[in-house]
Amino acid sequence: MDYYLKNYTYSQLKDLLKNILAKDKSNLKEDFFNYRVDQIFNWIYKKYEDKIDNFSDLSKNFREFLKNNFEINSLKIYDTKLSKYNDSIKFLFKTSDNEYIESVLMKHPQRYTVCLSTQVGCNVRCIFCASGINGLKRNLNLAEIIDQLFLIQKYIYMREKMRITNIVYMGMGEPLFNYENLIKSLDIFTHDKAFNISNRNITVSTSGVVDKIYELAEEKFRVKLAISLHSPFENKRQKLIPLAKKYKIPQILKAAEYYFLKTKRRITIEYILLKNITDTLEDAKELVNILKNYNFKVFINLIPYNSIGNIYLDNVLLEQSDNESIIQFYNYIKKYFEVNVRWSLGRDINAACGQLRRQLINSI
Ligand code: SF4
């Protein structure tokens, strides 16, 4: 039996209770188990309650049974950093085995978005990312993915009575390398007895794990897909994203096209703007050229680089593009595709992925 209640989807928890309780109570009906799981889900995911003693509509015996067998929270909030612009909060969580992971709450007027991590560290090792520098430690389990949203939701509900409306899987780790837990977490986030977040408000971002993109297209969750492309040139992309050696640009875009045709969700292309590396007019032209070959609706997110220290690519220091280059790049792309410049919220709190965790690790 798994220790944390959040390690179970609705149907898994029902099956578990059936297995345990039906042994000596074989006359129990399906409705009994549905009702019990409804109650548990209601306390945890609707009321954000994390003490089993407070599940007041459960019998004392059933509460004792739950207390003897389960925990509610798998993570603890270790630190929070509020942006001075009040547009984001960064959360550093501690796991039960003393690892640290990060999530960010981003506040927009009409929506509250949480950026979730799926792994401790990352083995994709993008050279511009703090999360990949020390490689992968382990996958997060389901409860740890769910807890990031749960604890942030509880935190913000207590202070602002706001609910999280959107999720992006863009924090630490490659979500498609933790596929099983990604899918189960989508089950809980979208379940009407749990968070009930619309799948059109959820984005899974990948560095381009081709076989898993095809698999995701076959799932019932029609979530949005974002592809971290970062360069239209294979050689340059391979230097920026070492994993790119395994999955080539045409394979990735073909998979994205398949995902679009199956789900009808537009594809977001994530593109980091690095001064004199990925931000030239030549880069913009080639980006348009390659994307024109595919049959999908595309939205391009241009991301000005957030420095994580002195890192070089072919002797060129990774730096944020100047405004002129950003505008030139944007203006060229906008003639062909929908495009946006995503100034990352909370730059004053190191909101780029993995930076807070890295600071902490460096300080201990
Ligand atoms: S950008 Fe994403 S995929 Fe790349 S190393 Fe960082 S966490 Fe991993």
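**View 1. The residue shell around the ligand in this predicted model.** By class, the shell around the ligand is made up of six nonpolar, four polar and two charged residues. Twelve residues surround the ligand, and the closest are C122, V124, C126, C129 and G132. This view, like those that follow, is taken from a predicted model and not from an experiment.

**View 2. The open sheet of ten strands and its edges.** The ten strands follow the order 1-2-3-4-7-8-9-10-11-14 and form an open sheet in which the pairing is mixed. Strand 1 (75–82) and strand 14 (338–341) are the edge strands, each of which pairs on one side only. From one strand to the next, the twist averages 20°. Helix 8 (residues 249–263) packs on this sheet, where it touches strand 9 (224–228) and strand 10 (267–273), and the direction of helix 8 makes about 170° with that of strand 9.

**View 3. Two hairpins built from strand 1, strand 2 and strand 3.** Strand 1 and strand 2 (residues 88–95) pair in the antiparallel sense over seven bridges, and within this pairing K76 has K94 of strand 2 as its bridge partner. On the other side, seven bridges join strand 2 to strand 3 (residues 100–107), and these two strands also run antiparallel, with L92 standing opposite E102 in strand 3. Strand 2 is largely enclosed by the rest of the structure, because six of its eight residues are buried. The hairpin of strand 1 and strand 2 has five residues between the strands, whereas the hairpin of strand 2 and strand 3 has four, and there N98 takes a positive phi near 65°.

**View 4. The turn residue N86.** N86 is found in the loop between strand 1 and strand 2, in the turn of the hairpin that these strands form. Most residues other than glycine have a negative phi. The phi of N86, however, is near 60°, a positive value in a residue other than glycine. Is N86 buried or exposed? N86 counts as exposed because it has 9 C-beta neighbours inside 10 Å, and the limit for an exposed residue is 12 or fewer.

**View 5. Y48 in the loop between helix 2 and helix 3.** Y48 is placed in the loop that lies between helix 2 (30–46) and helix 3 (60–69). Although Y48 is not a glycine, its phi is positive, at about 55°. With 15 other C-beta atoms within 10 Å, Y48 is partly exposed.

**View 6. The parallel pairing of strand 4 with strand 7.** Strand 4 (residues 112–115) and strand 7 (residues 166–169) run parallel and are joined by three bridges. In this pairing, V114 stands opposite I167 in strand 7.

**View 7. Strand 9 between strand 8 and strand 10.** Strand 9 is mostly covered, with five of its five residues buried. K224, A226 and S228 point one way from the strand while L225 and I227 point the other way, and all of these residues are buried. Strand 8 (residues 202–206) pairs with strand 9 in the parallel sense over four bridges, and T206 has I227 of strand 9 as its bridge partner. Strand 9 and strand 10 likewise run parallel and are joined by four bridges, with A226 standing opposite T268 in strand 10. Strand 8, helix 6 (residues 210–217) and strand 9 together make a right-handed β-α-β unit.

**View 8. Y214 in helix 6 and its contacts.** Y214 has its place in helix 6, the helix of the β-α-β unit that also includes strand 8 and strand 9. When residues up to four places away in sequence are not counted, Y214 touches A255 and Y258. Y214 counts as partly exposed because it has 14 C-beta neighbours inside 10 Å. S103 is 111 residues apart from Y214 along the chain, and the C-alpha atoms of the two are separated by 27 Å.

**View 9. E180 in helix 5.** E180 lies in helix 5, which covers residues 179–190. E180 is exposed, because 9 other C-beta atoms lie within 10 Å. E180 and L142 are 38 residues apart along the chain, and their C-alpha atoms are separated by 8.7 Å.

Notes:
Residues are numbered from 1 along each chain as its sequence is written. This is a predicted model: local features need pLDDT of at least 70, side-chain atom pairs count only at pLDDT 80 or more; totals for chains, interfaces and linings use all residues. Two strands pair if DSSP finds at least two bridges between them. Axes are lines fitted to C-alpha atoms, for helices over the stretch in contact, and angles run from 0 to 180 degrees between N-to-C directions. Two residues are in contact if their C-beta atoms, placed from the backbone, lie within 7 Å. A residue is buried if 20 or more other C-beta atoms lie within 10 Å of its own, exposed if 12 or fewer, and partly exposed in between; C-beta atoms are placed from the backbone. A residue is near a molecule or strand if its C-beta atom, placed from the backbone, lies within 6 Å of it. Ala, Val, Leu, Ile, Met, Phe, Trp, Tyr, Cys and Pro count as nonpolar, Asp, Glu, Lys and Arg as charged, and the others, Gly among them, as polar. A crossover is right-handed if, with the strands pointing away from the viewer, the path from the first strand over the helix to the second runs clockwise.
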